[in-house]
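Biologist: Got a minute to walk me through this one? I'd like to hear about the empty spaces and the charged pairs.

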Amino acid sequence: MDAAGSEKMENGQEERVEGEVNSMRTNNEMEQNKVSLMRAFVESQDPTSKEVDDLMLRRFLRARDLDIEKASAMFLKYLKWKQSFVPNGFISESEIPNDLAQKKLFLQGLDKSGRPIVVAFGSKHFPKKEKGGLDEFKLNEMLDLGSSPLLGFVVYTLDKINARMPTGQEKFIAIGDLEGWGYSNSDIRGYLGSLSILQDCYPERLGKLYLVHVPYLFMTAWKLIYPFIDSNTKKKIVFVENKKLKSTLLQDIDESQLPEIYGGKQPLVPIEES
């Protein structure tokens with residue numbers, strides 16, 4: 001390639017980069033304008049909205065594809081939920097002794113993007129069973145955010161994770177380990193309630209969820225849960241083959257931050273000790 005051709009290629013690359021930068025700047029300005037409009041509306045509906053920052057409002061906006069009306073409705077519903085479900089502003093450890101005693105969730109290390117790493121063991125969760133089992137559940141009961149004892153633990157966990165977020169980071173990464181999972185661990189009501197809290201009350205917090213050591217039996221529960229997972233969340237869920245477990249996790253997590261049980265060097269830390 002001659003000098004003229006090389007210069008033309010360089011100029012083309014510079015123009016593309018400049019175009020991408022300008023596009024990003026335009027998108028950021030549009031988002032900020034929508035955040036301002038959303039703030040004005042939600043503060044007029046609920047004065048406590050003044051206590052939240054623009055980043056939170058932006059997460060709700062992104063969860064509703066920047067639709068101000070839908071995002072505002074979602075956010076105002078969240079405020080009402082929090083006032084009733086978390087009246088003290090947080091869930092204390094004294095409220096969730098059984099869940100903590102099961103040692104089923106751990107929080108340690110950061111992935112390559114600086115996202116906190118959570119590890120949850122499905123086989124260590126033993127829900128309080130209802131008489132009659134799943135057949136007696138009604139869908140609206142499953143989705144009642146106050147209907148499962150697990151949900152206080154979920155809120156406690158998400159608040160713990162958020163408190164450990166490095167500056168500039170808004171998301172976390174999770175590993176759901178289902179080795180040994182069986183019917184005694186199945187908790188459809190708890191799973192659906194947890195999903196609703198994650199999607200509707202803590203939107204745009206989950207960066208990625210790896211499901212590992214998934215037994216065939218779990219797919220029965222998965223078929224019930226899947227229809228309630230929104231499209232944005234579905235994109236973040238990865239089922240990992242056992243033979244590719246370490247190599248897959250290493251795509252996002254450096255070996256120094258990868259939990260020891262997956263071939264890394266990071267010891268597991270119970271959520272309450274993190």
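**Cavities, helix 6 and salt bridges**

Modeller: Sure, and bear in mind that this is a predicted model. Starting with a space inside, the second largest cavity holds about 110 Å³.

Biologist: What lines the second largest cavity?

Modeller: The lining includes Ala-63, Leu-198, Tyr-202, Arg-205, Asp-230 and Lys-236. Helix 7 and helix 9 (231-234) each give at least two residues to that lining. By type, the lining residues split into 5 nonpolar, 3 polar and 4 charged.

Biologist: How many cavities of 30 Å³ or more are there?

Modeller: The count is 3. The largest cavity has a volume of about 870 Å³. It is lined by 34 residues, and the closest to its centre are Ala-120, Gly-176, Tyr-191, Ser-194 and Leu-209.

Biologist: Which elements give two or more residues to that lining?

Modeller: Strand 2 (116-121), helix 6, strand 3 (172-177), helix 7 (188-200), strand 4 (206-212) and helix 8 (218-225). Helix 6 gives the largest share, 6 residues.

Biologist: And how do the lining residues of the largest cavity divide by type?

Modeller: Into 25 nonpolar, 7 polar and 2 charged.

Biologist: OK, switching to pockets. What's the volume of the second largest pocket?

Modeller: About 360 Å³. Of its 18 lining residues, Asp-53, Met-56, Arg-59, Asn-162 and Arg-205 are the closest to the centre. Arg-205 is also among the residues that line the second largest cavity.

Biologist: Which helices supply at least two residues of that pocket's lining?

Modeller: Helix 2 (54-63), helix 3 (68-85) and helix 6. The largest share, 4 residues, is from helix 2. The pocket lining has 8 nonpolar, 4 polar and 6 charged residues.

Biologist: Helix 6 keeps turning up. Is Lys-160 in that helix buried or exposed?

Modeller: Lys-160, in helix 6 (residues 150-163), is buried and has no salt bridge. The nearest side chain of opposite charge is Glu-93, 4.7 Å away, and a salt bridge needs the nitrogen and oxygen within 4 Å.

Biologist: So what does Lys-160 touch?

Modeller: Leaving out residues up to four places away in sequence, Lys-160 touches Leu-107, Ile-271, Glu-272 and Ser-274.

Biologist: What about Thr-157, what does that one touch?

Modeller: Thr-157 is in helix 6 as well. With residues up to four places away set aside, Thr-157 touches Leu-105 and Ile-271. Ile-271 is also one of the contacts of Lys-160.

Biologist: Why does Thr-157 count as buried?

Modeller: Because its relative accessibility is 6%, and buried means under 20%.

Biologist: And Ile-161, how far is its C-alpha from that of Ile-271?

Modeller: The two C-alpha atoms are separated by 8.7 Å, while the residues are 110 apart along the chain. Ile-161 is in helix 6 too, and counts as buried at 1% relative accessibility. Apart from neighbours within four places in sequence, Ile-161 is in contact with Leu-107, Pro-116, Val-118 and Phe-172.

Biologist: Right, charges now. How many salt bridges does the count come to?

Modeller: It comes to 15. In one of them, Asp-54 and Arg-39 meet at 2.9 Å, N to O. Asp-54 is in helix 2 and Arg-39 in helix 1 (residues 3-45), so this pair ties together parts 15 residues apart in sequence. Asp-54 is partly exposed, with a relative accessible area of 32%, whereas Arg-39 counts as buried at 17% relative accessibility.

Biologist: Which residue does Glu-170 pair with?

Modeller: Arg-58, and the closest N and O atoms are 2.7 Å apart. The pair links distant parts of the chain, with Glu-170 in the loop between helix 6 and strand 3 and Arg-58 in helix 2, 112 residues apart. Glu-170 is buried at 14% relative accessible area, while Arg-58 is partly exposed at 23%.

Biologist: Where do Arg-115 and Asp-252 sit?

Modeller: Arg-115 is in the loop between strand 1 (105-110) and strand 2, and Asp-252 is in the segment after helix 10 (245-249), 137 residues apart. Salt bridges with shared partners join both of them with Asp-111 and Lys-208 into one network. The side chains of Arg-115 and Asp-252 meet at 3.6 Å, N to O.

Biologist: Are those two buried or exposed?

Modeller: Arg-115 is buried, with a relative accessible area of 11%, and Asp-252 counts as buried at 13% relative accessibility.

Methods:
Residues numbered from 1 in each chain as written. Predicted model: local features only at pLDDT ≥ 70, side-chain atom pairs only at ≥ 80, totals over all residues. Heavy atoms only, no water. Buried < 20%, exposed > 50% of the residue type's maximum accessible area, 1.4 Å probe, protein only. Lys, Arg positive; Asp, Glu negative; His and termini not counted. Contact = heavy atoms within 4.5 Å. 1 Å grid on protein atoms, 1.4 Å probe; cavity = no way out; pocket = protein on both sides within 12 Å on 5 of 7 lines; lining within 4 Å. Points joined across faces, edges and corners; volume = space filled by probe spheres on them. Nonpolar A, V, L, I, M, F, W, Y, C, P; charged D, E, K, R; others polar.
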